[in-house]
Structures are given as C-alpha cells and as structure tokens.
Amino acid sequence: MANLLLLKDLLPEEYKVLGTPSKVLIISPFKTPFGYLEAIVEDSDNYFEISNTDIPYQFELLGFSNLLRKLKDFSSLPLEIDNERIIVKIIKENNLLDLIKLAKAVDSFIKDLYDFLQNISRHPEIRNKLGAVEHLIFKFEELKKQKQMELKQKAKELKAEIVDTYTDLKSIVHTIDVLIGKKKYQEAHKYLQEALEKLSILDRLREEYRKITGKSIYSFHTDLLRSYIFQVKEMLEQVPES
C-alpha cells in the first residue's frame, strides 16, 4: 500500500493534503462559485480512486445533475459520473512511478473540474434557471424560506445548509493556513474562533440530516478539517503573545 500523504510533496505546494496514508482529502487553491475544488484519493489493492462528491451534491441541489455528464468533454481521464460521485480509477503498476502518476492525475482531475465549471456557467439552462448575472451563486436562502415542507424537502434544505457551511469552513481553513505561513498568528487566531463556530454548526446540521435520512454526508471531509483545526488551536496556544 502506498502512503498517500506523500502526495503533499508531489503536488504543487498550494494544494493542502489531509488524511491518512490510505485515504486523503486534497483541497486545491482553485476557487469557483462552488467553493475551493477538492478531491478524495483512496488506495485500493490494484488501483487508486480519485473522487469528488462535493460538486455532484451541489449540482443536485440546483437541479443540474443532467449537465454533470458534460464534464467528460473536458477531461481525457476515464471518468465515471453519477448523481453522487465523480470518479476516476488509476491502475497501479506497483513501482516507484505510481505516486507520481497519481499526483499528475489528481492535478488534471481538479483542473478539468475547474475548466468545466468555468464553461458550464455560460450554459443557457443555468442562465435561464437562475436568471441573474451571477447565475452560479447559490440560491440556498430560498430553500430556507419555505415554511411548509415535507420530510424530503427538509432533508434537501439541510443538505444545502451543510454544503454552504462546509464551503465556508473550507475557505476559513485556507485563510488560516495562509496567515500561519505569514506568521500572522493573532489574525489566524481570530479566524480560528470563526472556524470553531462553523465546525459546531456543521456538526449540528449533519446530525439533523442523519436523523432524517439515516445517511451521513461529509463525514470524512469534516473529520479531517476538525483534526486540522484543533492542531492549529494547539499550535497557536504555544505561540508567545507579542
């Protein structure tokens, strides 16, 4: 089994790699109206699996799942796409080049997603449905204003809030990382408090969603960000006050 944490040394330094030797979450520096693009990488016996669940969740909420398959037109990778995940499997050759090949595939996977989202923003179906110049800005607040909903609609609303909160938390973590790199520890501490509040909200929303649907979403993502946040908290507590 390969150590996927080594991808941190093989990808551009702007990428953040979080997780375990067998499964990692990679957060890219590429920001879209859907937040910072990401990929999950898992190690299986004969292949590596690169996937993204974040974009399919958001396309489902916006009613654009049918457009997601157009992503294949923007990638040379052997993508598998359904309403829940975008997947590509990289076959192992069981040699030292496997991780290098995987890193290149991850970089291509994320950049292909970025090109696709930039292009799809001009699709007439999206323009007509959202009916605004900022046609990819989420309309999650509209879901929250509906007073009488069936259980299925409530779950859909919760999923929208979870996606929104997770995107915000990921953005805050990115900001903290930049500030620590610049040794702006006091400013990083302020964002850390905001991250802890967002994490608490995300946990509550995910638990509500689990109780309604019996399913847990963003578990892996949230646990990794939680671990990172508390590592930062512990580190900042050791920094002498200036």
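**Strands, a covered helix and two pockets**

A hairpin of four residues carries the chain from strand E5 into strand E6. That is a good place to start in this model, which is a predicted one. Strand E5 covers residues 79-81, and three bridges tie it to E6 in an antiparallel arrangement. If you would like a residue to look for here, try Ile81, which stands opposite Ile86 of E6.

Strand E6, residues 86-91, also pairs with strand E4, residues 47-52. These two strands again run antiparallel, and six bridges join them. Within this pairing, Tyr47 has Ile91 of E6 as its bridge partner.

Let's move on to helix H2, which spans residues 54-62. How many of the nine residues of H2 are buried? Eight of them are, so the helix is mostly covered, with buried meaning under 20% relative accessible area. The buried set consists of Asp54, Ile55, Pro56, Tyr57, Gln58, Phe59, Leu61 and Leu62. After H2 comes Gly63, and its phi is positive, near 80 degrees.

Now for the open spaces. Rolling a probe the size of a water molecule over the atoms shows where empty space is left. The largest pocket has a volume of about 510 Å³, and 19 residues line it. Nearest to its centre you will find Lys8, Tyr15, Lys16, Val17 and Asp177. Which elements supply at least two residues each to this lining? They are strand E1 (16-20), strand E2 (23-32), helix H6 (151-181) and helix H8 (219-238). H6 gives the most, with five residues. By character, the lining of the largest pocket divides into nine nonpolar, six charged and four polar residues.

The second largest pocket has a volume of about 310 Å³. Its lining is made of 14 residues, and those nearest the centre are Glu60, Glu84, Lys159, Tyr209 and Lys215. Helix H2, met above, returns here: together with H6 and helix H7 (185-213), it gives two or more residues to this lining. H6 is again the element that gives the most, with five residues in the lining of the second largest pocket. The residues around the second largest pocket divide into six charged, five nonpolar and three polar.

Helix H6 is therefore a handy guide for your eye, as it gives the most to the lining of the largest pocket and also gives the most to that of the second largest pocket.

Notes:
Residues are numbered from 1 along each chain as its sequence is written. This is a predicted model: local features need pLDDT of at least 70, side-chain atom pairs count only at pLDDT 80 or more; totals for chains, interfaces and linings use all residues. Side-chain values use heavy atoms; hydrogens and water are left out. On a 1 Å grid over the protein atoms alone, a cavity is a set of points where a 1.4 Å probe fits but cannot get out, and a pocket is an open set with protein on both sides within 12 Å along at least five of seven lines; lining residues have an atom within 4 Å of a point. Grid points are joined across faces, edges and corners, and a volume is the space filled by probe spheres set on the points. Ala, Val, Leu, Ile, Met, Phe, Trp, Tyr, Cys and Pro count as nonpolar, Asp, Glu, Lys and Arg as charged, and the others, Gly among them, as polar. Two strands pair if DSSP finds at least two bridges between them. Buried means under 20% relative accessible area, exposed over 50%, partly exposed in between (1.4 Å probe, protein chains only).
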